[in-house]
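Me: I should like to go through the empty spaces, the cysteines and one small sheet of this protein. Please give the reasoning before each result.

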Amino acid sequence: MDRELYMRAGAWLEAHREELAADIMRLVRIPSVSDPASGTAPFGEGCRRVMDEMLQIGREHGFVAENYGYYVGSIGTGEKNWDNMIGFWNHLDVVPAGNGWRYEPFQPVRKGNFLIGRGAQDNKGPAVGMLYVMQCLRELAVPLKHELCLFVGCDEERGMEDLEWYAARYPCPAMSMIADSGFPVCYGEKGILEGGLVSEREWSDAVISCFGGSAGNIIPDQAHAVFRENAELYEEILRRIDEKNAGGTLFAERTAEGIRVSAKGTAKHSAFPEGSRNAIWELASFLKELSALPEGDRSLFETLAFFSQEYYGANAGIRYEDGISGRTTCAATVLSMENRRPVLHLNIRYAITANAERMTEAIRRSAAGRAMRWRQERDSAPNYFPKEHPAVSILTELYNEITGERTESFVMGGGTYARKLPNAFAYGVGGLRETGEEERAKAELFGPGRGGAHEPDEGLNLRQLLEALRIYAVSIAALNDCPL
């Protein structure tokens, strides 16, 4: 490790802390949920605004910024040497705000070391951070043998159509690093399979509506069903909520629309569902027991509960794990209605060695056994960067030397831009240890199920971000003699 550069970079970044935070907040204020159906191409007005703002920030910091049709933007030099370039990739789109926020999701606030707002952590903070890494290396006159360029996209959370469009039309860097995971090197990512289980049966007239979740990659923290007015049904609902002592997770009320039953869960990223409670399961497992409902509706709720019950694909018939990437995960994330029929969206992160075709056929069989059909929406193949590449060992060993950790490079269930780029892997900026004071502050500010990526009150630890950026600055210099 270049200890002198480590100290100089740390001092430079600390001196620019407030400027960095202000630039991040400029982006967080823009609700940039990708929405191709909005009528404003390609991903909606919010994504156009955030792209314009990020590129303007790049220009203010003395770089050349280019806009590729609002799919991807670049911040770097004018003339690019693609064959000798390390590309940094981040995304500016965010998941929907969801429910349960104590703060306004798009009015960022500072609480000690934490900057709170949707996208602060995932991935606007790191995007701005990588721009500051490039400026830091430039102003410290660090000799670099590889060209650097920052790229930003606007459709990562929805399906990465932004990178598919870009890669089909423009050159890509010789090697790409994605600052959207944990340290050290994430050299592999599970495949992502998404689709809907569409019921062959309709709700009866007793069911007015039934919905849950807000995005395909978030464990749902809310779900509800509305029933036609029925005194017997309402009485049974209240009694069973009381018997289950479920006053904190299940709620019932009479509204102008009808009897509304709501369930609360715990939101988490669907790639890492451990410890969450799925609101769709909470709702369906309760409603399937109501004797005052028609038998057909109880059967449909039982089916929804069955497929939302667990997170590892056993009920969908796709339980699988390997030694490279661990267990396949399968989460029910969105419940909707089409033509009076329930549709349950599944977000599946499958192990690298799993066979996608056999998995799809197994889901079809499981669905058919419950009078459902599988409607596949996308299959994003796993990413695997050669673990033997010298960059993996250089960056992993450097991270361990700086932090005193003994971590190893890894494979994860989350999906990043690495799966859409040649010669790409993820590296940080998360995973650094918090101080005891930060842990106490975090517990007080957020509590369980809050403060993380895709969770309410998403928060970015600025102290940790500065340390991660310092590691990045030293890492780039350490790659000088590494072939791309």
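The exchange below concerns a predicted model.

Me: How many cavities of 30 Å³ or more are there?
Reply: The model is predicted, and the cavities are enclosed spaces where a 1.4 Å probe fits but cannot get out. The largest cavity has a volume of about 70 Å³, and the second largest has about 30 Å³. With the limit set at 30 Å³ or more, the count is two.

Me: Which residues line the largest cavity closest to its centre?
Reply: The lining of this cavity divides into seven nonpolar, six polar and three charged residues. Of the 16 lining residues, those closest to the centre are Gly-98, Ser-214, Ile-218, Asp-221 and Ala-267.

Me: How many residues in the lining of the second largest cavity are charged?
Reply: The second largest cavity is lined by Tyr-312, Arg-319, Tyr-320, Glu-321, Arg-327 and Thr-328. Asp, Glu, Lys and Arg count as charged, while Tyr counts as nonpolar. The lining therefore divides into two nonpolar residues, one polar and, as charged residues, three.

Me: What is the volume of the largest pocket, and which element gives the largest share of its lining?
Reply: The space in the largest pocket comes to about 1,000 Å³. Of its 42 lining residues, Gln-121, Ser-181, Gly-182, Gly-430 and Ala-453 are the closest to the centre. Among the elements that give two or more residues are strand 8 (181-182), strand 23 (429-430) and helix 12 (462-478). The largest share, four residues, comes from helix 4.

Me: How many residues of the lining of the largest pocket are polar?
Reply: Gly is counted among the polar residues. The lining of the largest pocket has 13 nonpolar and ten charged residues, and its polar residues number 19.

Me: Which strands each supply at least two residues to the lining of the second largest pocket?
Reply: About 340 Å³ of space lies in the second largest pocket. Its lining consists of 19 residues, with Glu-157, Arg-158, Ala-215, Gly-216 and Asn-217 nearest the centre. By class, six of the lining residues are nonpolar, seven polar and six charged. The strands that each supply at least two residues are strand 18 (341-350) and strand 19 (372-380).

Me: How many disulfides are there?
Reply: A disulfide requires two cysteine sulfur atoms within 2.5 Å. For Cys-172, the nearest cysteine sulfur, that of Cys-149, is 11 Å away. For Cys-330, the closest cysteine sulfur is in Cys-210, at 18 Å, which is too far for a bond. The number of disulfides is zero.

Me: Is Cys-330 buried or exposed?
Reply: A residue is buried if its relative accessible area is under 20%. Cys-172 meets this limit with 19%. At 4% relative accessibility, Cys-330 is also classed as buried.

Me: Which strands are the edge strands of the open sheet with the order 4-5-24?
Reply: This open sheet has three strands with antiparallel pairing. An edge strand pairs on one side only, and this applies to strand 4 (109-111) and strand 24 (459-461).

Me: What is the average angle between neighbouring strands of this sheet, and which residue of strand 24 stands opposite Phe-114?
Reply: Direction ignored, neighbouring strands are turned against each other by 25° on average. Strand 5 (residues 114-116) pairs with strand 24 in the antiparallel sense over three bridges. Opposite Phe-114, in strand 24, stands Asn-461.

Note on methods: Residues numbered from 1 in each chain as written. Predicted model: local features only at pLDDT ≥ 70, side-chain atom pairs only at ≥ 80, totals over all residues. Heavy atoms only, no water. 1 Å grid on protein atoms, 1.4 Å probe; cavity = no way out; pocket = protein on both sides within 12 Å on 5 of 7 lines; lining within 4 Å. Points joined across faces, edges and corners; volume = space filled by probe spheres on them. Buried < 20%, exposed > 50% of the residue type's maximum accessible area, 1.4 Å probe, protein only. Pairing = 2+ DSSP bridges. Axes fitted to C-alpha atoms, helices over the stretch in contact; angles between N-to-C directions.
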